[in-house]
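Take a look at the fold below before reading on. The notes that follow cover rings, helix packing and backbone geometry.

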Amino acid sequence: MEIGWVVCTRGKIGQRAHIVRLAQHADRLNFSSIWVTDHIVMPVEMQTRYPYSTTGAFPLDPSEDYLEALTVLSYLAGCTERVKLGTSALILPNRNPMVAAKMLATMDVLSNGRMLLGVGVGWMEEEFKALGLPPFAERAAYSDECLRIFKELWTKDDPSFNGRYHSFSGIKFAPKPIQKPHLPLWVGGHTAAARRRAGQFGDAWHPVAQRPAGILSPQDLGQAMITVRQAAEQAGRDPLSVTISLRIALNLVATAAAADRRPFAGSPSQVADDIQRYAEVGVRHLVLDVMTNDPNIVTDAMDRFANEVRPRLGI
């Protein structure tokens with residue numbers, strides 16, 4: 001099991017000194033990866049329902065700073081030595097796919113092969129409209145095309161493509177990513193379409209768990225993974241080549257009562273047991289998210305996990 005951490009890039013905790021501190025702390029403690037989220041603009045008034053809230057309300061202040069994901073990771077690549085650098089998740093329609101492919105390949109070269117690409121189709125319709133993107137209802141088809149373009153550019157000596165939204169031929173694309181055959185693609189989302197996309201294109205399915213309304217127990221996750229692997233088989237891929245990377249909220253506390261405890265909220269022993277249960281259904285990489293604006297709380301959680309949870313797992 002590999003363990004990564006979300007580095008928040010918005011608001012007070014998203015200041016340069018804090019994100020560098022958190023990234024370097026994860027690097028020193030030999031965690032596998034650090035992750036950032038992706039939005040370009042925030043609407044002042046939002047009608048779109050937020051998918052990770054029982055009320056549908058978006059919890060962020062739209063006037064807060066929100067740093068751009070790929071710029072942050074390119075900066076943190078130069079501030080760290082070995083920790084992998086990931087997006088959870090890059091919203092595919094937000095960027096021209098050829099430009100995004102170039103940026104990501106460049107980052108992989110400059111970081112010496114440390115990029116991990118978590119992707120999603122996006123959920124905020126107001127952001128799509130503000131950016132002048134293809135219609136919100138077409139975001140899945142557009143995102144699938146982006147993934148095909150990434151693979152074409154990253155793996156072919158003479159790439160060409162003729163799709164609904166993009167076409168190109170007679171070009172060269174270099175450098176290629178250091179990682180072969182391409183950057184690891186981790187496909188986010190909970191829906192049937194997201195699981196189909198993970199099976200068709202992904203090296204891993206990367207859902208967010210334990211946030212309403214996206215709660216995924218180990219049993220739910222294992223059952224959903226069946227459809228991911230069926231989609232991989234239908235696409236002519238090895239279904240066992242697609243693993244699970246789970247992003248989940250962590251809250252290390254004193255021993256929590258079993259009756260109302262959610263996974264990953266409890267003592268180090270309880271959290272270690274949770275990890276073992278998720279590992280049994282195929283989770284191979286956990287991305288831990290400590291929901292706070294205080295960087296000290298995050299570094300304390302990293303220390304406690306490294307000293308009190310990781311030894312129980314033998315990792």
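## Rings, helices and backbone

K102 lies over the face of F173, 5.4 Å from the ring centre. This is a predicted model. R310 takes up a like position over F31, at 4.6 Å from the ring centre. F31 also has aromatic company: ring pairs link it with W5 and F305 into a cluster. F31 thus appears twice here, under R310 and in the cluster with W5 and F305.

How many aromatic pairs does the count come to? There are 12 aromatic pairs. One of them is formed by F128 and F136. A pair of aromatic rings is described by the distance of the centres and the angle of the planes. For F128 and F136 the centres are 5.1 Å apart, and the planes are at 90 degrees. Planes over 60 degrees apart count as edge-to-face, so the pair of F128 and F136 is edge-to-face. Both F128 and F136 are buried.

Now the helices. Two packed pairs are set out here.

| Helix pair | Angle | Axis separation | Crossing |
|---|---|---|---|
| Helix 2 (residues 69-79) and helix 3 (residues 97-110) | about 15 degrees | 10 Å | left-handed |
| Helix 6 (residues 192-201) and helix 7 (residues 218-234) | about 45 degrees | 7 Å | right-handed |

Start with helix 2 and helix 3. Their angle is about 15 degrees. Angles under 35 degrees count as roughly parallel, so helix 2 and helix 3 are roughly parallel to each other. The contact uses L70, L73 and S74 from helix 2, and M103, L104 and M107 from helix 3.

Are helix 6 and helix 7 roughly parallel or oblique to each other? They pack at an angle of about 45 degrees. Roughly parallel needs under 35 degrees, and roughly perpendicular starts at 65. Helix 6 and helix 7 are therefore oblique to each other. On the helix 6 side, R195, R196, A198 and G199 make the contact. Helix 7 supplies A224, T227, V228, A231 and A232.

Next, the backbone. Where are cis peptide bonds found? One joins S88 and A89, with omega about 0 degrees. A89 is in strand 3 (residues 84-91). Another runs from K180 to P181, with omega near 0 degrees. P181 sits in the loop between strand 6 (167-168) and strand 7 (185-187).

Positive phi values also turn up outside glycine. N30 has phi near 65 degrees and is not a glycine. N30 lies in the loop between helix 1 (16-28) and strand 2 (33-36). F264 has a positive phi of about 70 degrees, and F264 is not a glycine either. The loop that holds F264 runs between strand 11 (251-252) and strand 12 (265-266). Is F264 buried or exposed? Its relative accessible area is 0%. Buried means under 20%, so F264 is buried.

E308 gives another case of surface exposure to work through. E308 lies in helix 9 (residues 295-313). The relative accessible area of E308 is 32%. Partly exposed covers the range between 20% and 50%, so E308 is partly exposed. E308 and P43 are 265 residues apart in sequence. In space, E308 and P43 are 41 Å apart, C-alpha to C-alpha.

Notes:
Residues are numbered from 1 along each chain as its sequence is written. This is a predicted model: local features need pLDDT of at least 70, side-chain atom pairs count only at pLDDT 80 or more; totals for chains, interfaces and linings use all residues. Side-chain values use heavy atoms; hydrogens and water are left out. Rings of Phe, Tyr and Trp (its six-membered ring) pair if their centres lie within 6.5 Å; planes under 30 degrees apart count as stacked, over 60 as edge-to-face and the rest as tilted. Buried means under 20% relative accessible area, exposed over 50%, partly exposed in between (1.4 Å probe, protein chains only). A charge sits over a ring if NZ of Lys or CZ of Arg is within 6 Å of the ring centre and within 35 degrees of the ring normal. Axes are lines fitted to C-alpha atoms, for helices over the stretch in contact, and angles run from 0 to 180 degrees between N-to-C directions. Helices (H or I, at least four residues) and strands (E, at least two) are DSSP runs, numbered from the N terminus. Angles under 35 degrees count as roughly parallel, over 145 as roughly antiparallel, 65 to 115 as roughly perpendicular and the rest as oblique. A crossing is left-handed if the near helix is turned anticlockwise from the far one by less than a right angle, and right-handed if clockwise. Contact means heavy atoms within 4.5 Å.
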